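Please read the following account with the structure open beside it. It goes through selected residues, their contacts and one pocket.

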Amino acid sequence: MAVLLSLNLSDMLVVALVYKNMMRIDYMKYFVPAVVVMGLFAASLDTGRRIWLAFREGVVQYELSLPISTNGIVIAYLLAGGLAAMVYSSSLLLIAMIVLPAQAIWSVVMLLPCLFVLATGLAGISAAFAALASTRGEFFFAYQQIVQVGLLTLSTVPYPIDVVKNVFPPFLTAIVSANPLSQAADAMRKFTFAGNPIELSALLGILLSSIPFTIVGALAYSTALHRLRVKGKL
Amino acid sequence: MSKVIRLVWFDLKPQLTPPVWIVMQWVVFSIQILIYGTLISQLVIPQPPQFPPGVNFDYLKFYAVGLVVMMTFEIGSHTGRHFVEHAHEGRLPYLLSLPISRSTLFFVIALQGGAELALMLTVPLAFTMVILGNLTIISVAACVFTLFWLGFGVAGLMLGLSFIAFKSSDFYTAIVTGLSTVIIRFSTVLYPLIFLPASYAGAALLSPLTYGSDLVRLLLGFDPSILLDPRIAVAVLTALAVSTLGLGLVLMQRLVEGVKSA
């Protein structure tokens, strides 16, 4: 987590500051809130790495021997991944509030549950790849990196939706808008840092775009564990 | 020489069957240029007031070159991590037991890193050349040589640091990741030096990537007024490559016997 923190802090304090001098918009004001969401994303993806390690090093055999159902293991991992990501992104949020004073700190309280669901959704994506790559474990990091880069570039984390609309066709713009990272980053900017009143539709958008990922991830991981329990191998 | 080539192939073969990692790097590069580079360059002011009059700033081209330099750095870093993995997986004692000298083993590691760099950079570099256009064979050849020279320097630095892993692997990972973050952010990989605040610019002048990326950009036709003096860049890259590779060679011959990765 210290390593992740150095990466995200350098984005916040170096990249954002330098880009501010180069861009048409106040990039510092635009990007700093989004770094919190980037941190949440990166920390959530660590869940997949832990699942992959558990498969690789045989720890999963021990977990399956515990008096807990397969679904219980899946839920435990996703909840743990979500909570760990929340703790990590909270520390980033505190630093972001020092760098860029927030106009409505109490909006964060409303956002936190939605960010938690987002974190479990992102952990679910990572768990799905860990389960998928379990037979060819070395490909896990390859899958994860492509998804990470894809989700971040196809979002409004680094650039506004207006820029995307000017360049991309409508279907790609729709994907960018629907991306849960875009919704979370925009919510963080509008409600916490700009001080606009909370819109329930925005919170609902984050929940609705995150829950499918949680379900898919849980199903994929549960299937892999079930196969391991029944056949003894993946 | 056949022993050297056989050992390089021994290490390289798992990465080529199948070449998932190599293709993944190409895909990630393509996504970053075609999506991120295109979109972020829409936000950049085309004629910033900090630039000399008449100098345009095409950020997509600037970013493409920076991304290639960043890839060179990451592949060079991977050479050091690869060496640590050898120690961790028990391969290092096997390599040390082979009937080759320590200096030959070091040469094999460096050559393997160079081969990996060549494979990984082929498509991204070709893609970047297409974006830039209007190039000569000499500029392309000089650019390729500079990237390899930078890559060897970074590989030497990471190989030198890899001996920390024999005390603590976690400490090594933390140091290398932190160092990589700082070296990339405090450099001209992503932005010209002119945009960095004074305190950051001082740190950027300590990063080898600043000199590598500015030299590559100069060779590929970027305006010299926004870049560092190429003579200083050549001197720094040469000093880095010679000193770090030399240090790595000495450490390989003196410290590697009987070590275990923690």
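A:Met188 is placed in helix α9 of chain A. The model is a predicted one. With a relative accessibility of 1%, A:Met188 counts as buried, because buried means under 20%. Between the C-alpha atoms of A:Met188 and A:Leu228 there are 41 Å, although the two residues are 40 residues apart along the chain.

The same helix of chain A, α9 (residues 180–193), holds both A:Arg189 and A:Asp186. Their side chains meet in a salt bridge, with 2.8 Å from N to O. The two residues are 3 residues apart, about one turn of the helix. How does each partner stand with respect to solvent, buried or partly exposed? A:Arg189 has a relative accessible area of 10% and is buried, whereas A:Asp186, at 27%, is partly exposed. A:Arg189 has a further contact: its charged end sits over the ring of A:Tyr30, 3.6 Å from the ring centre.

Over all chains, a search of the whole structure finds 6 salt bridges. One of them crosses between chains, from B:Arg185 in helix α7 (residues 169–185) of chain B to A:Asp11 in helix α1 (residues 2–20) of chain A. In this pair the side chains of B:Arg185 and A:Asp11 are 3.0 Å apart, N to O. B:Arg185 counts as buried because its relative accessibility is 12%, under the 20% limit. A:Asp11 counts as buried as well, at 10% relative accessibility.

In chain B, a salt bridge joins the side chains of B:Asp214 and B:Arg217, at 3.7 Å from N to O. Both residues belong to helix α9 (residues 208–219) of chain B, where they are 3 residues apart, about one turn of the helix. B:Asp214 is buried, and B:Arg217 is buried too. Elsewhere, A:Asp46, A:Arg49 and A:Arg50 are joined into one network by salt bridges that share partners.

B:Arg217 also has a ring as a neighbour: its charged end sits over the ring of B:Phe62, 3.5 Å from the ring centre. This leads to the aromatic residues. How many aromatic pairs does a search of the whole structure find? Over all chains, there are 25 aromatic pairs. One pair is B:Phe51 with B:Phe57, whose ring centres are 5.0 Å apart. The planes of B:Phe51 and B:Phe57 stand at 50°, so this pair is tilted. B:Phe51 is buried at 5% relative accessibility, and B:Phe57 is buried with a relative accessible area of 7%.

B:Phe62 and B:Phe222 form another aromatic pair, which is edge-to-face. Here the distance is 6.3 Å centre to centre, and the angle between the planes is 75°. B:Phe62 lies in helix α3 (residues 59–89) of chain B, while B:Phe222 lies in the loop between α9 and α10 (230–254) of chain B, so the pair ties together parts that are 160 residues apart in sequence. Both B:Phe62 and B:Phe222 are buried.

B:Phe222 appears again at the second largest pocket, as one of the lining residues that lie nearest its centre. The others named there are B:Lys61, B:Leu220, B:Gly221 and B:Asp223. In total, 15 residues line the second largest pocket, and the space in this pocket is about 290 Å³. What classes of residue make up the lining of the second largest pocket? The lining has 8 nonpolar, 4 polar and 3 charged residues.

Two further residues of chain B complete the tour. B:Leu157 is found in helix α6 (residues 137–162) of chain B. Its relative accessible area is 25%, so B:Leu157 is partly exposed. B:Leu157 and B:Gly80 are 77 residues apart in sequence, and their C-alpha atoms are 8.0 Å apart in space. B:Val27 lies in helix α2 (residues 20–43) of chain B. With a relative accessible area of 33%, B:Val27 is partly exposed. In space, B:Val27 and B:Val123 are 9.7 Å apart, C-alpha to C-alpha, and in sequence they are 96 residues apart.

Key: Residues are numbered from 1 along each chain as its sequence is written. Chains are lettered from A and ligands numbered from 1 in the order in which they are written. This is a predicted model: local features need pLDDT of at least 70, side-chain atom pairs count only at pLDDT 80 or more; totals for chains, interfaces and linings use all residues. Side-chain values use heavy atoms; hydrogens and water are left out. On a 1 Å grid over the protein atoms alone, a cavity is a set of points where a 1.4 Å probe fits but cannot get out, and a pocket is an open set with protein on both sides within 12 Å along at least five of seven lines; lining residues have an atom within 4 Å of a point. Grid points are joined across faces, edges and corners, and a volume is the space filled by probe spheres set on the points. Ala, Val, Leu, Ile, Met, Phe, Trp, Tyr, Cys and Pro count as nonpolar, Asp, Glu, Lys and Arg as charged, and the others, Gly among them, as polar. A salt bridge is a side-chain nitrogen of Lys or Arg within 4 Å of a carboxyl oxygen of Asp or Glu. Helices (H or I, at least four residues) and strands (E, at least two) are DSSP runs, numbered from the N terminus. Buried means under 20% relative accessible area, exposed over 50%, partly exposed in between (1.4 Å probe, protein chains only). Rings of Phe, Tyr and Trp (its six-membered ring) pair if their centres lie within 6.5 Å; planes under 30 degrees apart count as stacked, over 60 as edge-to-face and the rest as tilted. A charge sits over a ring if NZ of Lys or CZ of Arg is within 6 Å of the ring centre and within 35 degrees of the ring normal.
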